[in-house]
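Me: I would like a close look at one part of this protein, the largest pocket and the elements around it. Please go through it slowly and in connected prose.

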Amino acid sequence: MAPLTSTKHWLTKDDITSVPVWVKLHDVPIAAFAEDGLSMIATKLSKPLMLDAYTSTMCLESWGRTSYARALIETTSDQEMKENLVVAIPRQNGKGYTMENVWVEYEWKPLRCGACNIWSFY
C-alpha cells in the first residue's frame, strides 16, 4: 500500500476593497429627480451602478416621486461613507444655484478594518 501524501491547502482571504451597496437618497430636490440628476448625486458618494426599477420608472414616466430615490453604488473601503450631501441646484431663472441637502441612508453598511482599509465580513 502506498503511503498517503498530504498537500497543504491554505485558506486565504482576498482583500475585498469594493462592494455594491443600496442607498436611499432622501430630500432630493424635484429639479434633480431624474436619472441624470440622481446619477450625479450618487457620483458624489461613489461609483453609481444603477437605480432600482421603481425609481427608474418614476424618472422615465415623470409621474411623481416617493420620499426617496434608491440607487446601487459601488463603494470602496478607502472612502468615507457619507451620510449627508450638499448639492448645487441651478435656479429656474438661470442665475446661480441653490444649495440643497440630501440625506443618505445605507440599507447595509459593511464593517471596515480601520488599520488595513479592507471590508470585513466576519
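Before turning to the pocket, what percentage of the 122 residues in the protein is buried? And which residues line the largest pocket?

Reply: To take the first point first, this is a predicted model, and in it buried residues make up 32% of the 122 residues. The protein has two helices and seven strands, and from the N terminus on these elements follow one another as β-α-β-α-β-β-β-β-β. Of the contacts with a separation of 6 or more, 66% are between residues 24 or more positions apart.

The setting of the pocket is best described from the sheet. Five strands form an open sheet in the order β2-β3-β1-β5-β4, with antiparallel pairing. At its edges are β2 (residues 47–51) and β4 (residues 84–90), each of which pairs on one side only. Averaged over the sheet and with direction ignored, neighbouring strands are turned by 40 degrees against each other. The partner of β4 is β5 (residues 97–106), which runs antiparallel to β4 and is joined to β4 by seven bridges; within this pair, Val-87 stands opposite Glu-100 of β5.

Two helices lie across strands of this sheet. Helix α1 (residues 35–43) lies across β1, β2, β3, β4 and β5, and runs at about 145 degrees to β2. Helix α2 (residues 53–61), by contrast, lies across β2 and β3, running at about 80 degrees to β2.

With these elements in place, the largest pocket can be described. The volume of this pocket is about 150 Å³, and its lining consists of Ala-31, Ala-32, Gly-37, Met-40, Ile-41, Lys-44, Val-87, Ala-88, Ile-89 and Pro-90. Both α1 and β4 supply at least two residues of that lining, and the largest share, four residues, comes from the edge strand β4. Val-87, which faces Glu-100 across the strand pair, is thus also one of the lining residues. Sorted by class, the lining has eight nonpolar residues, one polar residue and one charged residue.

One further residue deserves a remark, although the list of lining residues given above does not include Asp-27. Asp-27 lies in the loop between β1 and α1, and its phi is near 65 degrees, a positive value in a residue other than glycine. Asp-27 counts as exposed because its relative accessibility is 54%, where the cut-off for exposed is over 50%.

Key:
Residues numbered from 1 in each chain as written. Predicted model: local features only at pLDDT ≥ 70, side-chain atom pairs only at ≥ 80, totals over all residues. Heavy atoms only, no water. Pairing = 2+ DSSP bridges. Axes fitted to C-alpha atoms, helices over the stretch in contact; angles between N-to-C directions. Contact = heavy atoms within 4.5 Å. 1 Å grid on protein atoms, 1.4 Å probe; cavity = no way out; pocket = protein on both sides within 12 Å on 5 of 7 lines; lining within 4 Å. Points joined across faces, edges and corners; volume = space filled by probe spheres on them. Nonpolar A, V, L, I, M, F, W, Y, C, P; charged D, E, K, R; others polar. Buried < 20%, exposed > 50% of the residue type's maximum accessible area, 1.4 Å probe, protein only.
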